[in-house]
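User: Please take a close look at one part of this model, the largest pocket, and set it in the context of the whole fold. I would like to know what lines it and where those residues come from.

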Amino acid sequence: IDNPLLNTRPLMHEPPFALAAFLVVVAMMTTFSMGILLPLYFESSFGYSALVAGTLILPAIAVNAGTAIVGGRIMDRRGAWPLLPVGFAFIAIGQVVIALTGESGDLLTVVLASVLVYAGVGLVMSPSQTAGLGTLPRREHPSGVSIMNTLVMVAASFGPSLFVGVQAKAAATAQGHGASSELAQAVGFSNAVM
């Protein structure tokens, strides 16, 4: 149509923008999903209160805020290239470590790996948006911003729903095979993170 509510042409005609939009979705799904999965894990596998579970993710959130500031400054000086590979490497390594150690109940390793994940998200979130918008002609910037904002909202709702569903299914399967409730929740958590 001539005047779409959301003009998606930049996604189809600008491959670098489409890639950046995908990276934003991955980063947002990661941060919002981990913000729900980690407290659920701490509460259901360790029996901690919501206050303790929230306190355990506080270091990761604080590091995320710090790396977002540092990432923005590096982006201004050097561009997206050093940030995006490093940030996504942090996310991938942290997620793998969490997935591999979640079942063992190694709380310290899970907390430290979550700090690494959130550090990576802080490094990639704004730079991937900025880099993507920088690939568009100036006349398409409003559409690009609208697309990015829409994708952030979709990722923020879809990611947690998907991964909590994976966690619940894997936990139910593990419990059906005789695992205790705590171990089943840890298995579900590890599966969702992987």
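Analyst: The protein has seven helices and zero strands, so that, under the assignment by DSSP runs, the pattern read along the sequence is α-α-α-α-α-α-α. This is a predicted model, with a mean pLDDT of 93 for the protein and 100% of its residues at 70 or more. Among the elements, helix 1 (residues 9–13) has the lowest mean pLDDT, 89, whereas helix 7 has the highest, 96. Along its principal axes the C-alpha trace spans about 60 × 40 × 25 Å, and 43% of the 194 residues count as buried.

Turning to the pocket itself, the largest one holds about 190 Å³ of space. Its lining consists of V26, M29, T30, S33, M34, L37, I91, Q95, F163, A192 and V193. By residue class, the lining divides into eight nonpolar and three polar residues, with no charged residue. Three helices each supply at least two residues of this lining, namely helix 2 (15–46), helix 4 (83–101) and helix 7 (181–193). Helix 7, one of these three contributors, is also the element with the highest mean pLDDT.

The largest contribution comes from helix 2, which gives six residues to the lining. As a general point, an α-helix has 3.6 residues a turn, so residues three or four places apart point the same way. The lining includes V26, M29, T30, S33, M34 and L37, and a reader can follow these positions along the displayed model.

Another residue of helix 2 is I36, which does not appear in the list of lining residues. I36 has a relative accessible area of 35% and is therefore partly exposed, since that class lies between the 20% limit for buried and the 50% limit for exposed. I36 and G159 are 123 residues apart in sequence, yet their C-alpha atoms are 10 Å apart in space.

For context beyond the lining, helix 5 (residues 107–134) deserves a separate remark. Helix 5 has 28 residues and reaches 41 Å from its first C-alpha to its last, close to the 40 Å expected at 1.5 Å a residue. Helix 5 nevertheless bends by about 25 degrees at V124, and a proline, P127, follows within four residues of that position.

Key:
Residues numbered from 1 in each chain as written. Predicted model: local features only at pLDDT ≥ 70, side-chain atom pairs only at ≥ 80, totals over all residues. Heavy atoms only, no water. Expected span 1.5 Å × (residues − 1). Bend = angle between axes of the 7 residues up to and from the residue. 1 Å grid on protein atoms, 1.4 Å probe; cavity = no way out; pocket = protein on both sides within 12 Å on 5 of 7 lines; lining within 4 Å. Points joined across faces, edges and corners; volume = space filled by probe spheres on them. Nonpolar A, V, L, I, M, F, W, Y, C, P; charged D, E, K, R; others polar. pLDDT = per-residue confidence, 0-100. Buried < 20%, exposed > 50% of the residue type's maximum accessible area, 1.4 Å probe, protein only.
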